[in-house]
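Here are some short exercises on a strand and its surroundings. Please open the structure, try each task yourself, and then compare your steps with the worked solution.

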Amino acid sequence: MVDFNGRVVLITGAGRGLGFAYARCMGQLGAMVLIQDIGANSDGKGVDPHIAELAAETLRLEGLNVHAIPGELASRESCHNLCRDALQVAGRLDALIHNAGWVAYDNIESIEESSFDHMMAIAAKAPLWLAQAAWPAMKAAGYGRIIMTTSCRAIYPQYVHNGLASYAAAKMAVIGLTNVLASEGKKDGIIVNAISPVAQTRMWGIEGEPAELHPSEVAPEVAYLASAECTDGGWILRAANGQFHATKMREAANVDYPRNLRAVKASTAQEVAENWQSIAIPDVEPRQ
């Protein structure tokens, strides 16, 4: 049974949208939830500390044990400070969910280094630094759940949107982080996974409750990943419209990497060209 009684969960970017839905869901399951949200606008800029406070107060009025916790995510130091403060407030940290982020559109000719670095700082570096900061407490407890956020807009070419190079780079970095940290954490009871959620929020230009693709329909997957019931790491759990699908890259059977890929042999560029139809992986059939 998924139960969070006695558990403490820290969620970044939880003042609105998906993060708020996660906080409500886990609060209803008995967790003490710590909400971090700097209150940035939809392009990742600006600060409004009232956003996190209002979200926490809203959920407390529903009878949930939710608290706003101030803190930024733009540097290693700020991420470590946030986890330190969370531990001081709650005395423990059982689950960490990095949800904070935004969607930024810039075509290849207009990307500025500053905007790229800002995206990487929040979407790719912050989950690493947060995990690093939470790791010692989780390791000492022999228990921890860490959930990072990726996107199908990066993973699958058919869902790519032009202008999302920075966003996609950061979200693909999260997959590498998830794979490595899932391996490093397993022996100490720290389970690391990634989520790829779809919901209509401010990132879609939606204010208020959407007509479809509700954030609340994504929350159950996150609650599972953050719970003691989840004991397997390294997964990307896709969620949209109340449906869930876990996936990960898997090697073909009997491959002796890197000496024998059990693949097409070629010794010249011309041979590669002549065999390309066999070398290129065909499209998979849709699941029934």
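**Exercise 1.** Work out the handedness of the β-α-β unit made by E4, H4 and E5.

*Solution.* In this predicted model, start at strand E4, residues 95–97, and follow the chain through helix H4, residues 113–141, to E5. With the strands pointing away from you, a clockwise path over the helix means a right-handed crossover. The unit of E4, H4 and E5 is right-handed.

**Exercise 2.** Find the strands that pair with E5 and give the sense of each pairing.

*Solution.* Take E4 to begin with: E4 and E5 are parallel, with three bridges. Here Ala-95 lies opposite Arg-145, and Leu-96 has Ile-146 as its bridge partner. Now turn to E6, residues 190–198, which also runs parallel to E5 and is joined to it by six bridges. Gly-144 faces Ile-190 in this pairing.

**Exercise 3.** Place E5 in the whole sheet and name the edge strands.

*Solution.* Read the order of the eight strands: E3-E2-E1-E4-E5-E6-E7-E8, an open sheet with mixed pairing. Its edges are E3 (66–68) and E8 (243–247), each of which pairs on one side only. From one strand to the next, the twist averages 20°. Next, add the helices: H4 touches E1, E4, E5 and E6, and its direction makes about 175° with that of E5. Helix H6, residues 165–185, touches E5, E6 and E7, at about 155° to E6.

**Exercise 4.** Are the two faces of E5 buried or exposed?

*Solution.* Check one side: Gly-144, Ile-146 and Met-148 are buried. Then check the other: Arg-145, Ile-147 and Thr-149 are buried too. Thus six of the six residues in E5 are buried.

Note on methods. Residues are numbered from 1 along each chain as its sequence is written. This is a predicted model: local features need pLDDT of at least 70, side-chain atom pairs count only at pLDDT 80 or more; totals for chains, interfaces and linings use all residues. Side-chain values use heavy atoms; hydrogens and water are left out. Buried means under 20% relative accessible area, exposed over 50%, partly exposed in between (1.4 Å probe, protein chains only). Helices (H or I, at least four residues) and strands (E, at least two) are DSSP runs, numbered from the N terminus. Two strands pair if DSSP finds at least two bridges between them. Axes are lines fitted to C-alpha atoms, for helices over the stretch in contact, and angles run from 0 to 180 degrees between N-to-C directions. Contact means heavy atoms within 4.5 Å.
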